[in-house]
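Please work through the exercises below with the sequence and the structure side by side, trying each task before reading its solution.

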Amino acid sequence: MTAKAALCKALLDGEVLNVKNCFTKIGLTNCSREISRMVEKDFDVIVSRSPMKGKNRYKGIVHWVDYRLNNTTYNKKGIKKMKEYVAAQINKNKK
């Protein structure tokens, strides 16, 4: 499975992605760039962005963004294309 297919599958499965878990689960180091380039542009969907704020282990303030694919009427056609793409990638690897 390609990184693009893994990213699409994670979003289709309802996972909330951010910089850390996108790297550990998928291996992409720049989540924001890859979501806009591989998902939003290619499949014409909108991925919602939720700015987050917390503290690191040294009590310093840190900021990050959580990414989520919403099942809206606007995204309906793109979600269908994403599902077809992921299925094709999975079938390609089975051969």
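The structure holds six salt bridges, a salt bridge being a side-chain nitrogen of Lys or Arg within 4 Å of a carboxyl oxygen of Asp or Glu. This is a predicted model, in which local features need pLDDT of at least 70 and side-chain atom pairs count only at pLDDT 80 or more, while totals for chains, interfaces and linings use all residues. Residues are numbered from 1 along each chain as its sequence is written, and side-chain values use heavy atoms, with hydrogens and water left out.

**Exercise 1. Salt bridges**

Task: Find which parts of the chain the salt bridge between Asp42 and Lys4 links, and then find the network that contains Glu34.

Solution. Start with Asp42 and Lys4, whose side chains meet in a salt bridge with an N to O distance of 2.6 Å. This pair links distant parts of the chain, since Asp42 belongs to helix H3 (residues 31–43) and Lys4 to helix H1 (residues 3–12), 38 residues apart; helices (H or I, at least four residues) and strands (E, at least two) are DSSP runs, numbered from the N terminus. Asp42 is partly exposed, with a relative accessible area of 36%, where buried means under 20%, exposed over 50% and partly exposed in between, computed with a 1.4 Å probe on protein chains only.

Next, turn to Glu34, whose side chain meets that of Arg33 in a salt bridge of 2.9 Å, N to O. Arg37 also forms a salt bridge with Glu34, with the closest N and O atoms 2.9 Å apart, and these two residues both lie in helix H3, three residues apart, about one turn of the helix. Salt bridges that share partners therefore join Arg33, Glu34 and Arg37 into one network. Within this network, Glu34 is buried at 4% relative accessibility, whereas Arg33 is partly exposed at 41% and Arg37 is partly exposed at 45%.

**Exercise 2. Two cysteines without a disulfide**

Task: Explain why Cys31 and Cys22 are not bonded to each other through their sulfurs.

Solution. First recall that a disulfide is a covalent bond between the sulfur atoms of two cysteines. The criterion used here is a pair of cysteine sulfur atoms within 2.5 Å. A search of the whole structure finds zero disulfides, and Cys22 is in none, with the nearest cysteine sulfur, that of Cys31, 3.3 Å away. Seen from the other side, the closest cysteine sulfur to that of Cys31 is in Cys22, and because the distance is 3.3 Å, it is too far for a bond. As a last step, check the accessibility: Cys22 counts as buried at 1%, and Cys31 counts as buried at 1%.

**Exercise 3. The nonpolar core**

Task: Determine which element gives the most residues to the largest nonpolar core.

Solution. A nonpolar core is a set of buried Ala, Val, Leu, Ile, Met, Phe, Trp, Tyr and Cys residues joined through side-chain atoms within 4.5 Å. The largest one has 20 residues, of which Leu7, Leu17, Ile26, Val39, Val47, Leu69 and Met82 touch the most other members. The elements that give two or more residues to this core are H1, H3, E2 and helix H4 (76–94), and H3 gives the most, with five residues.

Then look at Leu7, which is among the buried residues of H1, together with Ala5, Cys8, Ala10 and Leu11. Contact means heavy atoms within 4.5 Å, and, not counting residues up to four places away in sequence, Leu7 touches Leu17, Cys22, Ile26, Leu28, Glu34, Ile35, Met38 and Val39.

**Exercise 4. Positive phi angles**

Task: Locate Asp44 and Lys59, and decide whether each is buried, partly exposed or exposed.

Solution. Begin with the background: most residues other than glycine have a negative phi, and most peptide bonds are trans. Asp44 has a positive phi of about 55° although it is not a glycine, and its place is in the loop between H3 and strand E1 (47–55); at 47% relative accessibility, Asp44 counts as partly exposed. Lys59, which is not a glycine either, has a positive phi of about 70° and sits in the loop between E1 and strand E2 (61–69); Lys59 is exposed, with a relative accessible area of 62%. Finally, Gly14, which follows H1, has a positive phi near 85°.
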